[in-house]
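Me: Please take one part of this structure and go through it closely, the part around the nucleic acid. After that, show how it sits within the rest.

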There are 2 protein chains.
Amino acid sequence: MIVDDLRKAPVFAGLTDGQLAELAAIVEPRHFPAGEPIFAQADTADAFYLLSGGRVKVFKELRDGRTATIRHVGPGETFGESVLFHETYPANTAAMEDSDVYRIPTVAFRTLILKEPELGLRLLGTMARLLTMLNRRVEDLLLPVPARLARYLLELCAEKHSPGEDGLVMRGSLVCYLPTSKRELAARLGTVPETLSRALNQLARSKLIALDGERFEILDLHGLERLAQKT
Amino acid sequence: MIVDDLRKAPVFAGLTDGQLAELAAIVEPRHFPAGEPIFAQADTADAFYLLSGGRVKVFKELRDGRTATIRHVGPGETFGESVLFHETYPANTAAMEDSDVYRIPTVAFRTLILKEPELGLRLLGTMARLLTMLNRRVEDLLLPVPARLARYLLELCAEKHSPGEDGLVMRGSLVCYLPTSKRELAARLGTVPETLSRALNQLARSKLIALDGERFEILDLHGLERLAQKT
DNA sequence: CGGCTCCTTGAGGTTAATCAATCCTGGTGG
DNA sequence: CCACCAGGATTGATTAACCTCAAGGAGCCG
């Protein structure tokens with residue numbers, strides 16, 4: 001059911017059934033196979049998206065073919081929100097896996113906000129979180145690659161172990177799985193696969209993590225956190 | 001008059017007199033002398049700010065004393081908006097010059113949004129612009145310093161020559177002034193003063209710009225744009 | 001068994017940070 | 001008016017990070 005998918009997204013959780021129904025009336029489900037572009041930078045934009053299943057990347061083309069990944073999007077997150085107030089998309093997006101999305105036309109959504117201010121407030125919250133995250137990304141890119149990687153791994157474990165706002169942050173099991181190929185991860189970290197590979201080895205050699213394919217375990221949380229702040 | 005200052009800010013321009021009056025009732029004017037911090041990362045947050053005069057920088061401390069400047073804020077822009085939905089500030093801010101700001105308490109502002117959805121829509125627009133800008137910053141940091149500098153200079157001229165939405169983009173006079181010390185500019189570009197100095201020289205030697213203190217002129221717009229896209 | 005793609009490893013080159021002088025420029029006091 | 005400082009800005013030499021290019025694995029599917 002559309003309404004159920006919408007409710008699962010943090011941005012829309014907590015809305016009343018009536019509000020969700022209004023929202024459901026304007027969204028359009030779409031499917032994108034892995035690798036498929038969803039929109040491209042400078043495309044004229046009349047909708048943004050909610051990802052219900054799969055994985056999507058937001059990125060910029062760097063002229064010489066390399067790509068700068070801005071963020072990875074997981075289920076329940078929105079992307080392209082900024083076009084609510086622009087005529088064109090500010091970046092490219094593509095499905096990394098087979099993905100199901102809801103297309104949300106901007107015009108209808110804007111009028112809905114005026115009718116249900118609560119909705120605007122919710123979206124503001126989402127965008128605030130995005131801003132905070134991007135602040136962090138800017139900071140990240142000024143750090144050396146191993147520190148960047150350490151921060152990424154720590155973040156990965158942190159969000160895995162705080163599934164809701166309800167419980168304490170668990171720090172027991174520090175085993176996680178890389179959610180993407182190393183190629184994609186390197187792009188996400190703003191580096192190349194070769195450098196990522198070496199950085200991972202370095203962390204493993206320093207006994208900060210144990211690595212086995214895409215599965216890894218944090219052995220020395222404190223040491224990793226220290227590294228994550230190195231200039 | 002407070003209302004006049006508010007109306008001058010793009011985020012609040014276009015609101016009705018009544019809405020502006022309501023807003024004026026909750027904001028608190030503040031003054032910060034040059035160099036003074038306005039808030040620090042992780043401070044508990046109950047307000048965001050509109051800059052009415054002066055210049056403010058948003059930055060992160062990089063542990064070893066170096067700072068990562070996230071953005072520079074000019075008159076009419078807001079900063080700290082993201083705390084509308086967080087309990088703590090995600091970065092530091094400090095006045096770069098003597099600055100006048102309006103402090104906008106989050107609680108009052110949130111209730112005002114529910115009453116005047118138009119206001120929420122406006123703030124969404126502002127945050128969308130910020131997001132787009134930060135996307136660009138992430139892209140920037142993956143480019144070599146001269147390209148980053150070229151993009152900055154082009155942006156500086158562009159915004160100078162498009163004062164409103166009303167006119168064509170002027171490309172005639174390409175003389176601009178660096179708005180900050182070179183030290184601050186280097187931080188804004190994610191580099192150090194030495195490297196900035198060399199990059200500026202390089203642009204001047206290539207006849208792309210002419211430089212005289214803080215005044216500069218773009219001599220070869222096309223060449224500069226080409227450089228701005230180099231990996 | 002080939003032919004993939006992805007990842008890893010190694011060698012070399014380039015960019016930019018670091019360290020250390022030197023040079024301005026504006027302000028101060030003689 | 002000039003000597004003198006202090007800060008920022010520049011320049012040079014050195015070093016470290018990391019990208020590039022090139023060459024192997026390692027798994028996977030035909």
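Reply: A residue is taken to be near a molecule or strand if its C-beta atom, placed from the backbone, lies within 6 Å of it. The model is a predicted one, in which local features need pLDDT of at least 70 and side-chain atom pairs count only at pLDDT 80 or more, while totals for chains, interfaces and linings use all residues. Residues are numbered from 1 along each chain as its sequence is written, and chains are lettered from A and ligands numbered from 1 in the order in which they are written.

Start with DNA strand C. It is surrounded by 16 residues, of which the closest are S181(A), R183(A), S197(A), P144(B) and T195(B). Both chains therefore appear in that list of closest residues, as S181(A) and P144(B) show. Two or more residues of this surface come from each of α6 (182-188) and α7 of chain A, and likewise from α5 (145-161) and α7 of chain B. Such labels refer to DSSP runs numbered from the N terminus (helices: H or I, at least four residues; strands: E, at least two). The biggest contribution is that of α7(A), with five residues. Sorted by class, the surface near DNA strand C holds five nonpolar, six polar and five charged residues. Here Ala, Val, Leu, Ile, Met, Phe, Trp, Tyr, Cys and Pro count as nonpolar, Asp, Glu, Lys and Arg as charged, and the others, Gly among them, as polar.

Now DNA strand D. It has 15 residues around it, and P144(A), T195(A), K182(B), R183(B) and S197(B) are the closest. On this surface, two or more residues are given by α7 (193-205) of chain A, and by α6 (182-188) and α7 (193-205) of chain B. Here α7(B) has the largest share, five residues. The classes come to four nonpolar, six polar and five charged residues.

Next, the chain that carries these elements. An automatic or database assignment, the origin of the domain bounds, splits chain A into domain 1 (2-141) and domain 2 (145-228). Between the C-alpha centres of domain 1 of chain A and domain 2 of chain A there are 26 Å. The two domains touch through eight residues of domain 1 and seven residues of domain 2, where contact means that the C-beta atoms of two residues, placed from the backbone, lie within 7 Å. On the domain 1 side, strand β5 (residues 67-73) of chain A supplies the largest share, four residues. That side of domain 1 consists of three nonpolar, three polar and two charged residues.

The two protein chains also meet each other. Chain B puts 38 residues into the contact and chain A puts in 38 residues. On the chain B side, the elements with two or more residues are β5 (67-73), α3 and α4 (117-140). The most comes from α4(B), with 16 residues. The chain B side divides into 21 nonpolar, nine polar and eight charged residues.

One helix pair spans the two chains. Helix α4 (residues 117-140) of chain A and helix α3 (residues 106-115) of chain B have axes that come within 8 Å and cross at roughly 135°. Axes are lines fitted to C-alpha atoms, for helices over the stretch in contact, with angles from 0 to 180 degrees between N-to-C directions. α4(A) and α3(B) are therefore oblique to each other: under 35 degrees is roughly parallel, over 145 roughly antiparallel, 65 to 115 roughly perpendicular, and the rest oblique. The crossing of α4(A) and α3(B) is right-handed, meaning that the near helix is turned clockwise from the far one by less than a right angle, where anticlockwise would be left-handed. P117(A), G120(A) and L121(A) of α4(A) make the contact with R110(B), I113(B) and L114(B) of α3(B). Its residues are four nonpolar, one polar and one charged.

Helix α3 also has a partner inside its own chain. In chain A, α2 (residues 17-26) and α3 (residues 106-115) pack at about 160° with axes 10 Å apart, so they are roughly antiparallel. Their crossing is right-handed. E22(A), L23(A) and I26(A) of α2(A) meet A108(A), F109(A) and L112(A) of α3(A). This contact has five nonpolar, no polar and one charged residues. In chain B, the axes of α2 (residues 17-26) and α3(B) come within 10 Å and cross at roughly 160°; these helices are therefore roughly antiparallel. Here E22(B), L23(B) and I26(B) face A108(B), F109(B) and L112(B) in the contact.
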